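Hi everyone, thanks for making time today. I'd like to walk you through one model, so please have a look at it with me.

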Amino acid sequence: MGGVSTVDRAERDRAERVPKQDRSRATRQRLLEAAVACLAEHGWAGSTVSVVAERAGVSRGAAQHHFPTREDLFTAAVEYVAEERSTALRALFPEGAAGDRHAVVAALVDLYTGPLFRAALHLWVAASNEDQLRPRVTELESRVGRETHRIAVDLLAADESLPGVRETVQGLLDMARGLGLANLLTDDAPRRERVVEQWAGLLEQALGAVRD
């Protein structure tokens with residue numbers, strides 16, 4: 001028998017009660033989250049707009065309405081999650097964390113060992129071979145890198161007007177990125193914990209010494 005089922009009718013009624021703008025915002029967010037998940041799991045080659053749309057539960061046409069090109073979708077997705085992670089990182093230490101540099105180092109390392117870093121890495125590799133993608137990813141990485149550096153400086157209460165402090169903070173972030181790379185193929189948690197412990201001690205000495 002034809003007609004609309006009770007379930008379909010209920011879904012339609014709920015959709016009609018949600019303002020169009022809110023539905024559009026929710027669809028965009030689902031697409032962004034699905035794009036990052038696909039990129040982290042399948043890499044650039046396996047992450048097409050159709051695959052992302054299916055994972056997000058929307059049509060390909062709806063996906064292209066929000067993001068006309070594949071490059072638009074994936075650069076926006078990594079930027080979106082980077083902003084979410086930055087917000088979450090700041091929220092971990094609402095009162096600041098200068099008194100617990102070990103916790104700050106661990107949190108920054110976590111930033112580079114999750115699905116965002118894995119997705120971003122696939123995007124970097126793709127950008128190295130895609131002329132259309134490269135400038136967008138380069139600009140995005142620069143912006144995200146600056147924001148992460150600012151967060152690290154704030155959380156560590158580091159005074160960058162003093163010699164060597166900026167380089168020390170950047171060295172921490174470079175180390176965290178290296179640990180993220182090491183974690184791509186194998187679970188490197190035990191060694192990572194030892195390195196975090198060592199770096200926390202080094203930062204305590206370096207930043208403590210320059211503040212005295």
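Before the details, a word on what we have: this is a predicted model, where local features need pLDDT of at least 70, side-chain atom pairs count only at pLDDT 80 or more, and totals for chains, interfaces and linings use all residues. Residues are numbered from 1 along each chain as its sequence is written, and side-chain values use heavy atoms, with hydrogens and water left out.

Let's start with the overall fold. The protein chain has ten helices and zero strands; these elements are DSSP runs (H or I, at least four residues, for helices; E, at least two, for strands), numbered from the N terminus. Of its 212 residues, 38% count as buried. Buried here means under 20% relative accessible area, exposed means over 50%, and partly exposed is in between, using a 1.4 Å probe and protein chains only. A contact is a pair of heavy atoms within 4.5 Å, and among contacts with a separation of 6 or more, 68% come from residues 24 or more positions apart.

Now to the interior. A nonpolar core is a set of buried Ala, Val, Leu, Ile, Met, Phe, Trp, Tyr and Cys residues joined through side-chain atoms within 4.5 Å. The largest one has 33 residues, and L31, V52, L73, F74 and L123 touch the most other members. At least two residues of this core come from each of α2 (20–42), α3 (49–56), α5 (70–92), α7 (115–129) and α8 (134–156). Take L73: beyond its neighbours within four places in sequence, L73 contacts L31, L32, A35, V49, V52 and F67. There is also a second, separate core of 29 residues, with Y112, V153, L155 and A200 among them.

Which residues of α3 are buried? They include V49, V52, A53 and A56. Looking down the axis of α3, the buried residues fall within an arc of 100 degrees (taken from the directions from the helix axis to the C-beta atoms), so they line one face of the helix. As a reminder, an α-helix has 3.6 residues a turn, so residues three or four places apart point the same way. Just after α3, G57 takes a positive phi of about 75 degrees.

A little further along, H66 sits in helix α4 (residues 60–66). H66 counts as buried because its relative accessibility is 17%. Setting aside neighbours within four places in sequence, H66 contacts S24, T27, R28 and L31.

In helix α6 (residues 101–111) we find L108, which is buried at 0% relative accessibility. Outside its neighbours within four places, L108 is in contact with L89, T148, A152, L172, L173 and A176.

Finally, the aromatics. Rings of Phe, Tyr and Trp (its six-membered ring) pair if their centres lie within 6.5 Å; planes under 30 degrees apart are stacked, over 60 edge-to-face, and the rest tilted. The whole structure holds three such pairs. Why is the pair of Y112 and F117 called edge-to-face? Their centres are 5.8 Å apart and their planes stand at 75 degrees, so the pair earns that label. F117 also forms an edge-to-face pair with W124, at 5.8 Å centre to centre and 85 degrees between the planes. Together, Y112, F117 and W124 are linked by ring pairs into a cluster. Within it, F117 is buried at 5% relative accessible area, whereas W124 is partly exposed at 25%.
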